[in-house]
Amino acid sequence: MVNLNAVLLISFAMFSIGIAGVLIRRNALVILMCVELMLNAANLNFIAFARHSGSVSGQAFALLVMGFAAAEVAVGLALVVALYRKRDTVQVDDINLLKG
Amino acid sequence: MEHFIETIGRNMFAIFGVMALGGAAVVVASRSAVHSVLAFLFAMLCIAGCFLSLEAEFLGMAQILVYAGGIVVLFLFVVMLVEVSKAKEKEVFQLQSRYAIGAVLLGVAAFAAVFRKVIFGAASPQALVLRTDLAQGLDVAKQNAQAVSRGLFADYLLPFEILSVVLLVALVGAVVLAKTERV
């Protein structure tokens with residue numbers, strides 16, 4: 001027996017940790033991981049509401065979100081690798097080409 | 001002793017959830033990227049446990065396969081490729097900590113505003129149901145994978161196909177982005 005409030009609180013805390021990581025960290029890899037954390041918090045909410053409304057749609061959409069997260073991480077990591085080849089860094093502070 | 005085990009069984013979701021939060025905190029706070037990836041793996045496994053305790057068995061297993069089997073390995077490869085040489089991280093954290101704290105507080109306010117009714121109201125779990133034409137010959141509450149697949153392919157076939165196209169584009173795009181310049 002799982003309380004809906006507990007799920008919402010935990011997924012909210014996980015989303016906050018993800019946002020804080022994206023804003024605070026400098027390493028592009030860690031930033032990507034924090035984006036994944038936020039997507040997982042959203043998935044947790046999808047499943048919790050699916051469980052509390054008796055509808056199967058939430059679980060179906062959580063599966064779709066999982067697929068999109070995989071696509072996003074593949075492209076993001078390819079970008080990081082390309083960036084490392086060109087600029088020899090993965091610290092987002094060192095990537096300021098558009099600054100002028 | 002039996003009482004203790006029963007208590008743990010009832011609070012399985014909270015245990016997994018708190019462990020996942022701990023893993024997420026280590027992802028953000030740890031200095032080395034390899035430690036971050038390992039903590040990320042731990043958090044993903046704990047979230048799979050959360051899914052299982054929310055009776056989404058198929059998604060729990062898919063979470064383990066996709067994240068522990070695919071994404072974490074991908075992250076580890078890139079960390080090995082990138083981080084071995086002079087991982088010169090002058091300071092771990094950026095100066096935007098102020099903005100981060102502000103964003104989290106804003107999130108708390110928005111969360112409280114949206115979920116005020118849900119948090120303080122009573123909500124009880126309900127067993128999964130499918131439309132009667134979809135649920136023929138299926139024990140929806142027990143056969144989670146079959147129920148999810150019937151719901152997915154009946155009502156959400158178009159998003160599923162779009163997802164397959166997106167995955168194909170991501171595959172080609174990742175190869176093109178990551179390949180070396182010389183042919």
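1. In this predicted model, helices H2(A) and H3(A) pack with their axes 9 Å apart and at an angle of about 175°, and that angle makes H2(A) roughly antiparallel to H3(A). On the side of H2(A) the contact includes Ala28(A), Leu29(A), Leu32(A), Glu36(A), Phe46(A) and Ile47(A), while among the residues that H3(A) contributes are Gly58(A), Phe61(A), Ala62(A), Val65(A), Val73(A) and Val80(A). Sorted by class, the residues of this contact of H2(A) with H3(A) are 17 nonpolar, 5 polar and 1 charged.

2. H2(A) also packs across the chain boundary, for its axis and that of H4(B) come within 12 Å and cross at roughly 175°, which makes H2(A) roughly antiparallel to H4(B) as well. Leu29(A), Met33(A), Glu36(A) and Ile47(A) of H2(A) make this contact with Leu59(B), Ile71(B), Phe75(B), Val78(B) and Val79(B) of H4(B). The residues of the contact of H2(A) with H4(B) divide into 8 nonpolar and 1 charged, with no polar residue.

3. Ile47(A) deserves a separate remark, since it takes part in the contact of H2(A) with H3(A) and also in that of H2(A) with H4(B). Once neighbours within four places in sequence are left aside, Ile47(A) is in contact with Gly58(A), Gln59(A) and Ala62(A) in its own chain, and with Phe51(B), Leu54(B), Ala56(B) and Leu59(B) in chain B.

4. Ile47(A) is also, together with Leu29(A), Leu37(A) and Val27(B), one of the residues with the most contacts inside the largest nonpolar core, which has 75 residues. At least two residues of this core come from each of H1 (4-24), H2 (28-53) and H3 (57-87) of chain A, and likewise from each of H2 (12-29), H3 (33-53), H4 (57-83), H6 (144-155) and H7 (157-178) of chain B. The helix that gives the most to this core is H2(A), with 14 residues.

5. As for the contact between the chains as a whole, 58 residues of chain A and 70 residues of chain B take part in it. On the side of chain B that touches chain A, H2, H3, H4, H5 (97-120), H6 and H7 of chain B each supply at least two residues. By class, that side of chain B is made up of 55 nonpolar, 11 polar and 4 charged residues.

6. Chain B itself has 7 helices and 0 strands, and its pattern along the sequence reads α-α-α-α-α-α-α. Of its 183 residues, 24% are buried. Where contacts in chain B join residues at least 6 apart in sequence, 44% of them link residues at least 24 apart.

7. Met14(A), which lies in helix H1 of chain A, is buried, with 26 other C-beta atoms within 10 Å. Residues up to four places away in sequence not being counted, Met14(A) touches Leu37(A), Asn40(A) and Ala41(A) as well as Ala20(B), Leu21(B) and Ala24(B); Leu37(A), it may be recalled, is among the residues with the most contacts inside the largest nonpolar core. From C-alpha to C-alpha, Met14(A) and Cys34(A) are 9.5 Å apart in space, with their positions 20 residues apart in sequence numbering.

8. Gln63(B) is placed in helix H4 of chain B and is buried, with 25 other C-beta atoms within 10 Å. Apart from neighbours within four places in sequence, Gln63(B) is in contact with Met44(B), Ile47(B), Ala48(B) and Phe51(B). For one of these partners, Ile47(B), the C-alpha to C-alpha distance from Gln63(B) is 8.0 Å, and the two are 16 residues apart in sequence.

9. Two backbone points merit a check by eye. Asp88(A), in the segment after H3 of chain A, has a positive phi of about 65° although it is not a glycine, and Asp88(A) is exposed, with 11 other C-beta atoms within 10 Å. Glu55(B), in the loop between H3 and H4 of chain B, likewise is not a glycine and has a positive phi of about 65°, but Glu55(B) is partly exposed, with 19 other C-beta atoms within 10 Å. Most residues other than glycine have a negative phi.

10. On confidence, chain A has a mean pLDDT of 88, and 98% of its residues reach 70 or more. Within chain A, confidence is highest in H2(A), at a mean of 92, and lowest in H1(A), at 88.

Definitions and conventions
Residues numbered from 1 in each chain as written. Chains lettered and ligands numbered in written order. Predicted model: local features only at pLDDT ≥ 70, side-chain atom pairs only at ≥ 80, totals over all residues. Core = buried A, V, L, I, M, F, W, Y, C linked by C-beta atoms within 7 Å. Buried ≥ 20, exposed ≤ 12 C-beta atoms within 10 Å, placed from the backbone. Helix = DSSP H or I, 4+ residues; strand = E, 2+ residues; numbered from the N terminus. Contact = placed C-beta atoms within 7 Å. Nonpolar A, V, L, I, M, F, W, Y, C, P; charged D, E, K, R; others polar. pLDDT = per-residue confidence, 0-100. Axes fitted to C-alpha atoms, helices over the stretch in contact; angles between N-to-C directions. Parallel < 35°, antiparallel > 145°, perpendicular 65-115°, else oblique.
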